[in-house]
Amino acid sequence: MKKLRWLHRYMPEYLKLAVPAWVALLVEVLVDLSLPTLMASIVNIGIRNSDTPYILRTGGIMLGLALFGSLMGLARNWLSTKVSQDLGTLIRADLFRKAQRLSMSAILKFGPSSMITRLTNDVMQVQNMSFMLTRIFIRAPLLLLGSVIMAFILNPGLAMILVGVIPVLGFLIWLRIQRGLPLFKKVQAAIDRVNGVMREYLGGVRVVKVFNRHRYEQDKFDAANQNLTGLGVKAARSMATIQPLMLVLMNGSIILIIWFGGIRISAGNMLVGDIIAFINYSLQILQSMMMVSWIFTAGVRAKTSGDRIGEVFGLEDGMPLPEEPVVPVGQGALEMRNAAFCWPGQSIPVLKDISFRVEPGQTVALIGSTGSGKSSLVNLFSRFYDVSEGAVLVDGQDVRAYGLSELRSRIAMVPQQAILFTGTIRDNLRWGRPNATEEELEAAVRLACADEFIPKLPDGYDTWIGQGGVNLSGGQKQRLCIARALLCSAPVLVMDDSTSAIDMGTESRIRSRLRQHAQNMTVLLIAQRIHSVMNADRILVLDEGKLVGSGSHAALLEDCPIYRDIYRSQMGLDRSGKEVV
Ligand code: M5T
Ligand code: MG
């Protein structure tokens, strides 16, 4: 139950509508409870004495009560629907908010598909449960208790039969729940997997088509789907046996009641009307036990889902933040001091003992073979992750001393993957600065050489971009991402291999425009191509997580063997400097 603690905070809001719903429910139950007794008096008094006015009067009361009960039922239904829908909305909103606060490593803990299931399906289960709670939870125990009491009043001897049966039923329900809980946990995990396969397919649909892997993907989906079905059936089956068992037990006890009741009537110890009422109460007990079984089925699912939601709420929020964040001042100096970095959950550092400094306004390039840790390194400046040793400084202050949004607004980033969002081109560019003027927007677009293609698109700046920028070419996406970052007008620009899909001519145009118009900006540039880095003020060479060279192109050619190798391989020369054919 500890994991369900998160639910507490929704209680005040929930109870606001749930309490009136329960009041309406209480009235309904009282009506339900009074009807069999009224019925009994019609039989025992009205029919026995052939007292038609009494029968009509009591019948009228019964009708009036039933009508009133139905009205209450209507109100209660409306309230329960509203309260459960509202609860779902609140939880989903909070989960999304939580997801936004999480650090990168925390988000990766459950994976995107599981996060989506938790936010949708799991919330739905909790919502269902809350609906049940306002509809039948109170009703069932009340009806049960009321019926037992009324049965006792009518005939204590016969009521003992019911008293014997109820604990047996309770025990059976308990047994089922013990079996059901772990099964439903598996069901939710299987939903995660189905979502995961679908997500992966949709994300990689082009590759699937290119490699003709439809069959494989289909099989993968079928397996996940079958698994879900199998588990779902198993879980449902474990709960499904409750109802027939209950029916058998309750009907058995009704037979006993009629049996012993019959004997009593023959002996003149009991009235026919009483036995009718008694059977009615037994049926109500049966009905309420059924409700209890439904609510337990829903409850078992909701508990599983509630735990899963609780796990998300229980994740550590982003990074530890300073109590009194430093206000950033300066023109954008970057520095690393003996920084080392390990990916969360791994023990081997991908960056070791890195020290360098970038002065404001400088352009520094970072080159190194793939996997050498370049992206990992630049991520540290925006504090997507924290160093495991040493320090990362922006404008002379440790990044851990700033507020996260203050820090990140100082560093405009063009990530290695050109990620765009659903919306128009203009919407996407304005991510950089929502209140940028049209002139500023166009200036940034010009710097990124995106003015060469945007006007040619069907709707220009208003061209709609699909999810992930599916309807643009790789180079177009990269240029939009560069423009988006430039629009931020942050003092630091980090470009992570962001011209890899752009042809060399366009790339050098972007570089020269940047040099002319953004001289004050500190630029940290990652590139694979020597051409892209040659003109930087300084080049850093990264190899297997270590900084192995730092200097100008000419100096590095002189004294950095790794840089020389990269240069030669790209120029088509072998180690001795001869051209490779
Ligand atoms: C450096 C490892 C990766 C590599 C090393 C993104 C990521 C990387 N790694 C992880 O363990 N987990 C991750 O989530 O870190 O990776 P990088 O910094 O991305 O390298 P790069 O930017 O120099 O390479 P590239 O290909 O972008 O030029 O060993 O296994
Ligand atoms: Mg990279």
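**Exercises on a pocket and a ligand site**

In this predicted model, helix H10 contributes nine residues to the lining of the second largest pocket, the most of any element.

**Exercise 1.** Describe the second largest pocket by its volume, its lining elements and the classes of its lining residues.

*Solution.*
Step 1. The space in the second largest pocket amounts to about 720 Å³.
Step 2. Lining this pocket are 28 residues, of which Leu4, Leu7, Met129, Leu133 and Gly299 are the closest to the centre.
Step 3. Two or more lining residues come from each of helix H1 (11-47), helix H4 (112-137), helix H5 (139-154), helix H6 (156-203) and helix H10 (272-314).
Step 4. Sorted by class, the lining comprises 22 nonpolar, four polar and two charged residues.

**Exercise 2.** Identify the surroundings of ligand 1 and determine which classes its shell residues belong to.

*Solution.*
Step 1. Ligand 1 is surrounded by 13 residues, and the closest are Lys374, Ser375, Ser376, Gln416 and Gln528.
Step 2. The shell around ligand 1 divides into 10 polar residues, two nonpolar and one charged.

**Exercise 3.** Decide which side chains make polar contacts with oxygen atoms of ligand 1, taking 3.5 Å as the cut-off between N or O atoms, and state how much of the ligand the protein covers.

*Solution.*
Step 1. For Ser376, a side-chain N or O atom is 2.5 Å from an oxygen atom of ligand 1.
Step 2. For Gln416, the distance from a polar side-chain atom to a ligand oxygen is 2.6 Å.
Step 3. For Gln528, a side-chain N or O atom is 2.9 Å from an oxygen atom of ligand 1.
Step 4. Ligand 1 on its own has 620 Å² of accessible area, and the protein covers 64% of this area.

Terms used: Residues are numbered from 1 along each chain as its sequence is written. Chains are lettered from A and ligands numbered from 1 in the order in which they are written. This is a predicted model: local features need pLDDT of at least 70, side-chain atom pairs count only at pLDDT 80 or more; totals for chains, interfaces and linings use all residues. Side-chain values use heavy atoms; hydrogens and water are left out. A residue is near a molecule or strand if one of its heavy atoms lies within 4 Å of it. A polar contact is a pair of N or O atoms within 3.5 Å; within protein, one must be able to donate a hydrogen and the other to accept it, and residues adjacent in sequence count only if both atoms are side-chain atoms. Accessible areas come from the Shrake-Rupley method with a 1.4 Å probe; for residues, only the protein chains shown count as cover. Ala, Val, Leu, Ile, Met, Phe, Trp, Tyr, Cys and Pro count as nonpolar, Asp, Glu, Lys and Arg as charged, and the others, Gly among them, as polar. On a 1 Å grid over the protein atoms alone, a cavity is a set of points where a 1.4 Å probe fits but cannot get out, and a pocket is an open set with protein on both sides within 12 Å along at least five of seven lines; lining residues have an atom within 4 Å of a point. Grid points are joined across faces, edges and corners, and a volume is the space filled by probe spheres set on the points. Helices (H or I, at least four residues) and strands (E, at least two) are DSSP runs, numbered from the N terminus.
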